[in-house]
Amino acid sequence: MNDPNRPVTGYPAAGAPPPNPNGYGGAAHQQPPIGTAYPYAAPPPASAVYYPNNPYYQPNNPYDAQRNTFLRRVIGMAIAAMVIAGTFVFILWLILRPRIPEFRVDSLSVSNLNLTNSLISGKWDLRFTVRNPNKKMTLYYDDVAAAVFYDDVSLSDTTVPPFFQEKRAETARQASFATAGAYVNNRAFDQMNKERSRKGAIGFNVRMVARVRFRAGAWRARRRFVRVYCKDLSVEVGSNNSSGTLLGGARQCRVGL
């Protein structure tokens, strides 16, 4: 049976006050009388309540905010320092324009050359020139190691004493190599004899590695290893000769870091 005192829910009953477009139903924001329907399907939700015992609820911690602010400042300072340092290095590079030195082989001679049973003996004398192309930087050559090769087979090696170069200066240096009865693999040995018989000359390669310091006034750059490769230095030495000199004059070498 229908209870006359029980609230009626559902769609608005006939005769209910029209809804207020700015708020809840009713002309004066009053609850509808008992026995009439609420003008909306459900009342407005109550304010959300967070319980401290809820493991998913994390209240705002002032220390967390301070820590986040500190981390943001540290990261910002680090980025700014890197940008400033990079800008300084770039400006310094624009001012100094550092360039690697240039190497040129002036002469290469061989004497007492003997090729017998995959063994080689001989003496090589190398003269080369080093040029500093920098207008504002001096160069210090702390260590210079040099070696003479045939193809990729090392025949002998030596060192060059340290030296110093002023701006735009050229320095002449020499190096001597010697070997006695050094073993050479069969492929290189046969190829060397064929080249000697066919061309009357043998092409040697010279490689150098120099540890160089670049300096401009009080500013010093870190040491750099400069690698020099002088390829196809043909020395005229026929089958009946044991000595010869470089063919074709001076040769420019390839230089890199």
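Two helices and 12 strands make up the secondary structure of the chain in this predicted model. Reading from the N terminus, the order of elements is α-β-β-β-β-β-β-α-β-β-β-β-β-β. Of the 257 residues in the chain, 28% are buried. If you like contact maps, here is a useful figure: among contacts with a separation of 6 or more, 69% link residues 24 or more positions apart.

**The nonpolar core**

Let us go inside. The largest nonpolar core holds 44 residues, and Phe103, Trp124, Tyr141 and Leu155 have the most contacts inside it. Several elements each supply at least two residues of this core, namely the strands β1 (102-116), β2 (119-131), β3 (138-150), β4 (153-160), β6 (170-183), β7 (201-216) and β9 (224-236), together with helix α2 (186-199). Which element gives the largest share of this core? That is β7, with eight residues.

Leu155 is a good place to look around. Leaving aside residues up to four places away in sequence, Leu155 touches Ile120, Trp124, Val148, Phe149, Tyr150, Thr179, Val184 and Phe204. One of these partners, Trp124, is also listed with Leu155 among the core residues with the most contacts.

**Strand pairing around β7**

Strand β7 also turns up in two pairings, set side by side here.

| Strands | Bridges | Direction | Residues standing opposite |
|---|---|---|---|
| β3 and β7 | 11 bridges | antiparallel | Phe149 and Asn205 |
| β7 and β9 | 11 bridges | antiparallel | Arg207 and Tyr229 |

Phe149, which stands opposite Asn205 in β7, is worth a second look, for Phe149 is also one of the residues that Leu155 touches. On the other pairing, Arg207 stands opposite Tyr229 in β9.

**The surface**

Now to the outside. The chain exposes about 17300 Å², and carbon and sulfur atoms supply 54% of that area. A nonpolar surface patch of about 400 Å² is formed by Ile75, Ile79, Met82 and Val83. Met82 belongs to helix α1, which covers residues 62-96.

Is Met82 buried or exposed? Met82 has a relative accessible area of 58%, so Met82 counts as exposed, the cut-off for that class being over 50%. A place in a patch asks for over 30% relative accessible area, and the 58% of Met82 therefore satisfies that part of the requirement.

Terms used. Residues are numbered from 1 along each chain as its sequence is written. This is a predicted model: local features need pLDDT of at least 70, side-chain atom pairs count only at pLDDT 80 or more; totals for chains, interfaces and linings use all residues. Side-chain values use heavy atoms; hydrogens and water are left out. A nonpolar core is a set of buried Ala, Val, Leu, Ile, Met, Phe, Trp, Tyr and Cys residues joined through side-chain atoms within 4.5 Å. Buried means under 20% relative accessible area, exposed over 50%, partly exposed in between (1.4 Å probe, protein chains only). Helices (H or I, at least four residues) and strands (E, at least two) are DSSP runs, numbered from the N terminus. Contact means heavy atoms within 4.5 Å. Two strands pair if DSSP finds at least two bridges between them. Patches are made of residues with over 30% relative accessible area and no salt bridge: like charges are joined within 9 Å, nonpolar side chains (Val, Leu, Ile, Met, Phe, Trp, Tyr) within 5 Å. Accessible areas come from the Shrake-Rupley method with a 1.4 Å probe; for residues, only the protein chains shown count as cover. A salt bridge is a side-chain nitrogen of Lys or Arg within 4 Å of a carboxyl oxygen of Asp or Glu.
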